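Visitor: Could you take me on a close look at a single part of this protein, the enclosed space inside it, and then show me what else the side chains are doing? I would enjoy one connected tour.

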Amino acid sequence: MRRMLVPALTATILLLMLLSLTLGPSNIRLSDTVSILMGKTAPANKAYIILQLRLPRILSSFFTGAILGLSGAVFQAALRNPMADPFILGISSGASFGVAVALFIGMAPLFGFPVSALVGALGTTLCIVGLASRRKSSSTTLLLTGVAVNYILSSAMTLLMFLHKEQYQRILYWTLGSFSMSTYAQVVVVLIAWIVLFIPLSLKHRSMDMLLLDELSARAGGLSVKRTRLGLLLLASFSTSLCVSYFGVIGFIGLMAPHATRLMVGPKHRHLLIPSSLLGGLLLLSSDTISRMLLPSGELPVGIITSLLGVPLFIYLLRRGRYFYG
């Protein structure tokens with residue numbers, strides 16, 4: 001199963017991308033999509049819909065899911081907690097708080113949501129890491145500091161939304177995630193972020209395996225636990241922050257993808273990283289496709305779909321077989 005998983009996921013992703021390019025209210029046939037992708041002559045309106053509207057959206061959702069899947073594996077290993085996800089160090093609450101502050105003080109038109117969210121997410125993550133590092137930086141210290149700061153920022157964002165009610169809907173919709181405004185420039189950014197994240201992780205897969213041990217055993221094996229943990233967490237947090245700054249907060253993918261993959265291939269990160277990334281991309285691409293198909297006019301925020309689809313699947317996988325972690 002391990003050998004067939006990556007080819008099976010790749011084939012499923014490519015098929016889903018082709019279907020997602022075709023499906024929609026514009027009456028585009030599968031043959032039209034194939035012709036346009038092959039560069040053949042096609043009606044201008046159909047070519048515009050496929051190449052300028054749907055394709056960047058599909059690629060953005062896939063690479064964002066791939067980053068979240070990889071980041072989830074990093075956080076679960078670095079914190080030695082199977083319930084950790086890429087947002088545990090305050091990325092979601094920090095990004096949302098950054099957007100709320102920008103709207104409240106009137107700076108959103110100047111900087112836009114992406115810059116405000118990126119500054120908030122990275123600032124919060126660095127703050128949490130700094131607070132946790134003032135004492136012995138164990139995984140438990142980082143985890144509890146992240147939970148505490150998340151609660152504080154969530155409460156502060158709720159207060160700002162209450163005081164600035166005319167912007168309530170904009171903030172709420174952004175926090176639920178959307179790929180409706182995706183561009184090719186954003187695709188390039190998230191692709192680069194995925195490459196920057198994947199290459200170091202593929203070189204550090206043995207270190208990630210050792211982080212699953214207790215700290216004394218990891219140190220006895222020659223691993224600098226504190227330096228390795230913080231380096232991996234900051235790398236994954238930066239990549240996730242870029243995605244959040246463009247597309248909003250999209251939960252559950254970073255928790256679900258590593259869990260499901262670990263059930264199929266085991267806990268060794270040499271076998272875990274690529275399938276986790278592909279499965280994360282597949283889950284988010286599927287969710288985004290469904291989100292724009294459910295309503296006859298308009299679309300649902302993709303974050304709603306990831307939770308509605310992910311939770312039952314997650315419970316099913318956990319009940320289906322024995323779960324290994326570490």
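Guide: Gladly! Please keep in mind that this is a predicted model. It holds one cavity of 30 Å³ or more, and the space in this largest cavity comes to about 30 Å³. Its lining is made up of Thr64, Leu68, Phe87, Cys243, Val244, Gly248 and Ile250. Two elements each give two or more residues to that lining, namely helix H3 (44-78) and helix H11 (225-247). Sorted by class, the lining has five nonpolar and two polar residues, with no charged residue.

Charged side chains do appear elsewhere, in salt bridges, and the count of these comes to four. Helix H3 is a good thread to follow here. One bridge joins aspartate 32 to lysine 46, with the closest N and O atoms 3.1 Å apart. Aspartate 32 sits in helix H2 (residues 30-37) and lysine 46 in helix H3, so this pair ties together parts that are 14 residues apart in sequence. With a relative accessible area of 12%, aspartate 32 is buried. Lysine 46 counts as buried because its relative accessibility is 19%, and the cut-off is under 20%.

Further along helix H3 we come to arginine 57, whose side chain meets that of aspartate 288 in a salt bridge of 2.9 Å, N to O. That pair links distant parts of the chain, with arginine 57 in helix H3 and aspartate 288 in helix H13 (residues 269-291), 231 residues apart. Both arginine 57 and aspartate 288 are buried.

Arginine 57 also forms a salt bridge with glutamate 299, where the closest N and O atoms are 2.9 Å apart. Here the partners are 242 residues apart, since glutamate 299 lies in the loop between H13 and helix H14 (302-320) while arginine 57 is in helix H3. Arginine 57 has 10% relative accessibility and so counts as buried, whereas glutamate 299, at 22%, is partly exposed. Returning to the earlier pair, salt bridges that share partners join Arg29, Asp32 and Lys46 into one network.

Let us finish at threonine 175, which has its place in helix H7 (residues 168-175). Threonine 175 is buried, its relative accessible area being 17%. A polar atom of its side chain lies 2.6 Å from the backbone oxygen of leucine 172. Leaving aside residues up to four places away in sequence, threonine 175 touches Ser96 and Val249.

Key: Residues numbered from 1 in each chain as written. Predicted model: local features only at pLDDT ≥ 70, side-chain atom pairs only at ≥ 80, totals over all residues. Heavy atoms only, no water. 1 Å grid on protein atoms, 1.4 Å probe; cavity = no way out; pocket = protein on both sides within 12 Å on 5 of 7 lines; lining within 4 Å. Points joined across faces, edges and corners; volume = space filled by probe spheres on them. Helix = DSSP H or I, 4+ residues; strand = E, 2+ residues; numbered from the N terminus. Nonpolar A, V, L, I, M, F, W, Y, C, P; charged D, E, K, R; others polar. Buried < 20%, exposed > 50% of the residue type's maximum accessible area, 1.4 Å probe, protein only. Polar contact = N/O pair within 3.5 Å; in protein donor to acceptor, adjacent residues only side chain to side chain. Contact = heavy atoms within 4.5 Å.
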